[in-house]
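Ready for some practice in reading a fold? Have a look at the sequence and the model, then try each exercise before you peek at its solution.

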Amino acid sequence: MNRTRIAAGAIALALAANAQAEGRIRIAEQYGVVYLLLNIAQEQKLIEKYGKQAGVDIKVEWTQLSGGAAINDALLSGAIDIGSAGVGPLITLWDRTKGRHNVRGIAALGSFPYYLVTNNPKVKTIADFTDKDRIGLPAVGVSVQARILQMAVAKQWGDAHFARLDKITQTLPHPDATNAIIAGGTEITGHFATPPFQEQELAQNPNARVVLKSYDVQGGPSSSTLLYATEKYRSENPKTYRAFVQALAEAADFATKNPEGAADVYLKVNKSKVDRALLLKIFKNPEVQFRIAPQNTLGLAQFMHKVGAVKTRAASWRDYFFDDALVKEGS
């Protein structure tokens, strides 16, 4: 009898522990409109909404970091549950955590063209950059911008020279790099950016021009920014995880159907002074797609293996993404 009671008590404690595990999600985002779907989910409390439908009161915690390296460190240290960064940081972590944390992608945050912008009148192509130039990007050698630049360099000079321009790249948050490009007169003469920073640079500095477009390098529209988590978090928090993906899907639908409302959300959540007309121009750009299924990510993943940046060669995008019906139409 005593043993039965002890066993029953142990089971009750285990069930209580599992119940407590559900209902908390800590999300890290970065800077720019590519994180719009997270802004919408936050402002409209969509994660909480779907949690309640599943019988869970979810506490959502938001934090802002800069660069894939910082995101990855925070995820592995347990400081956050959901990371948001480029394809490069995800593939790096997926490769390094196989058999341990088993980090995989959850969803995309849409497809946006990224521009490498310069204010140096002598630079027309990437071949014109010299040792006197500095290119700002979120994380040297790790961020999706760094990897796309390496892809472009490999096409220009061959795979063996993919890191040729790494020495002139510099880790810099997008707002700081944007200010440098607009003002001029600093060592930062290039910025591989994201919306709305690239559009601000082109609008506010007459000397600013586009040197490279991510879609041209990747062969078409691509989901450059993704969300990812550890297998442990997903398995221990199935209802919270599901609510998060459902919230993203609703946010994507809202942004697609209501760009004006999406612009208002972005300005409010980020306390941004970005021109609203500029935001609407970005959101209505036919090259911008608000979808959570990843698009055209495999090419960059396989490039990273080809040049030795990761050990594992992905055969399919499904290798580095969790299986979920809401993102099944990926690539």
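**Exercise 1.** In this predicted model, work out how many residues of strand S10 (residues 225-229) are buried, and find which ones point one way and which the other way.

*Solution.* Start with the cut-off: a residue is called buried when its relative accessible area is under 20%. By that test, five of the five residues in S10 are buried, and the strand is mostly covered. Next, sort them by direction. Thr-225, Leu-227 and Ala-229 point one way, while Leu-226 and Tyr-228 point the other way. Both groups are buried.

**Exercise 2.** Find the strands that S3 and S4 pair with, and say whether they run parallel or antiparallel.

*Solution.* Keep in mind that strands of a sheet pair through backbone hydrogen bonds, either parallel or antiparallel. Take strand S3 (residues 83-86): four bridges join it to S10, and the two run antiparallel. To pin that down, look at Gly-86, whose bridge partner in S10 is Thr-225. Now take strand S4 (residues 104-108), which also pairs with S10 in the antiparallel sense, over four bridges. Here Gly-105 has Tyr-228 of S10 as its bridge partner.

**Exercise 3.** Put the five strands of the open sheet in order, then explain why one side of S7 and of S9 is left without a neighbour.

*Solution.* The order is S7-S6-S8-S5-S9, with mixed pairing. Strand S7 (169-171) and strand S9 (209-213) stand at the edges with a single partner strand each, so one side of each has no neighbour in the sheet. From one strand to the next, the twist averages 30°. Zoom in on one pair: S7 and strand S6 (residues 134-137) run parallel and are joined by three bridges. One place to check is Ile-135, which has Thr-169 in S7 as its bridge partner. Finally, add a helix: H8 (residues 197-204) packs on the sheet, touching strand S5 (115-118), strand S8 (188-192) and S9. The direction of H8 makes about 30° with that of S5.

**Exercise 4.** Check whether the span of helix H12 (residues 259-270) agrees with its twelve residues, then see what covers its buried residues.

*Solution.* At 1.5 Å a residue, H12 should span 16 Å, and its end C-alpha atoms are 16 Å apart, so the two agree. The buried residues of H12 include Pro-259, Gly-261, Val-265 and Tyr-266. Among the elements covering them are helix H2 (36-43), helix H11 (238-257) and helix H13 (276-283). Just after H12 comes Lys-271, with a positive phi near 50°.

How values were computed. Residues are numbered from 1 along each chain as its sequence is written. This is a predicted model: local features need pLDDT of at least 70, side-chain atom pairs count only at pLDDT 80 or more; totals for chains, interfaces and linings use all residues. Side-chain values use heavy atoms; hydrogens and water are left out. Two strands pair if DSSP finds at least two bridges between them. Axes are lines fitted to C-alpha atoms, for helices over the stretch in contact, and angles run from 0 to 180 degrees between N-to-C directions. Contact means heavy atoms within 4.5 Å. The expected span of a helix is 1.5 Å times one less than its number of residues. Buried means under 20% relative accessible area, exposed over 50%, partly exposed in between (1.4 Å probe, protein chains only).
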